Amino acid sequence: MAKTISSGVVHQLPPDLKKALSSDAKALAALEDITPLARNEWICWVEFVKRLETRAEHVQRVPKELKEGKRRPCCWLGCTHRTDKSISPSAQWALGKQKK
């Protein structure tokens, strides 16, 4: 029987990230040790990118960085998909810069 892996508050764990975490017991333990909101940030950080190559890099980095003790992705604006809070002014500014 496969072990259930916790997801985030908005995002569900995608298959590629689930596979990467399932094959690394320390990374999986680190994921389970963080809050659902922090898990959500990691998942969104993987899913937010547009290029498949970048996504693959993020999927590889998540287990590594969790094992290093990082609780959230570095330099991440945060999940823009959450409906329980508004997007911060700094995130709005950065997202506006991306669209140009």
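The exercises below, each with a worked solution, concern a predicted model of one protein chain.

Residues are numbered from 1 along each chain as its sequence is written. Because the model is predicted, local features need pLDDT of at least 70 and side-chain atom pairs count only at pLDDT 80 or more, while totals for chains, interfaces and linings use all residues, and side-chain values use heavy atoms, with hydrogens and water left out.

**Exercise 1. The chain as a whole**

Describe which helices and strands the chain has, and how much of the chain is buried.

Solution. Begin with the elements, where helices (H or I, at least four residues) and strands (E, at least two) are DSSP runs numbered from the N terminus. The chain has five helices and zero strands, and reading along the sequence gives the pattern α-α-α-α-α. Next, turn to burial, where buried means under 20% relative accessible area, exposed means over 50%, and partly exposed lies in between (1.4 Å probe, protein chains only). Of the 100 residues in the chain, 39% count as buried. The accessible surface, computed by the Shrake-Rupley method with a 1.4 Å probe, comes to about 6600 Å², and 55% of this area belongs to carbon and sulfur atoms. Finally, consider contacts, meaning heavy atoms within 4.5 Å: among those between residues at least 6 apart in sequence, 73% join residues at least 24 apart.

**Exercise 2. Two helix pairs**

Work out how helix 2 and helix 4 are oriented to each other, and then do the same for helix 3 and helix 4.

Solution. Two packed helices are described by the angle between their axes and the distance between the axes. Here the axes are lines fitted to C-alpha atoms, for helices over the stretch in contact, and angles run from 0 to 180 degrees between N-to-C directions. Angles under 35 degrees count as roughly parallel, over 145 as roughly antiparallel, 65 to 115 as roughly perpendicular, and the rest as oblique.

Helix 2 (residues 25-33) packs against helix 4 (residues 52-67) at an angle of about 75 degrees, with the axes 8 Å apart. Helix 2 and helix 4 are therefore roughly perpendicular. Lys 26, Ala 27, Ala 30 and Leu 31 of helix 2 make this contact with Pro 63, Leu 66 and Lys 67 of helix 4.

For the second pair, the axes of helix 3 and helix 4 come within 8 Å and cross at roughly 155 degrees. Helix 3 and helix 4 are therefore roughly antiparallel. Helix 3 contributes Trp 42, Trp 45, Val 46 and Glu 47 to this contact, and helix 4 contributes Arg 55, His 58, Val 59, Arg 61, Val 62, Glu 65 and Leu 66.

**Exercise 3. An aromatic pair**

Find the aromatic pair in the structure and state where its two residues lie.

Solution. Rings of Phe, Tyr and Trp (its six-membered ring) pair if their centres lie within 6.5 Å; planes under 30 degrees apart count as stacked, over 60 as edge-to-face, and the rest as tilted. A search of the whole structure finds one aromatic pair. Trp 42 and Trp 45 form this edge-to-face pair, at 5.7 Å centre to centre and with 85 degrees between the planes. Both lie in helix 3 (residues 36-47), three residues apart, about one turn of the helix, and both are buried.

Trp 42 has a relative accessible area of 0%. Leaving aside residues up to four places away in sequence, Trp 42 touches Ile 34, Val 62, Glu 65, Leu 66, Lys 70, Arg 71, Arg 72 and Pro 73.

**Exercise 4. Two further residues**

Is Leu 21 buried or exposed, and which residues does Gly 8 touch?

Solution. Leu 21, placed in helix 1 (residues 15-22), is buried, with a relative accessible area of 0%. Beyond residues up to four places away in sequence, the residues touched by Leu 21 include Leu 13, Ala 27, Leu 31, Val 62 and Leu 66. Leu 21 and Val 62 are 41 residues apart in sequence, and 8.2 Å separates them in space, C-alpha to C-alpha.

Gly 8 is found in the segment before helix 1 and counts as buried at 18% relative accessibility. With residues up to four places away in sequence not counted, Gly 8 touches Pro 36, Arg 39, Asn 40 and Ile 43.
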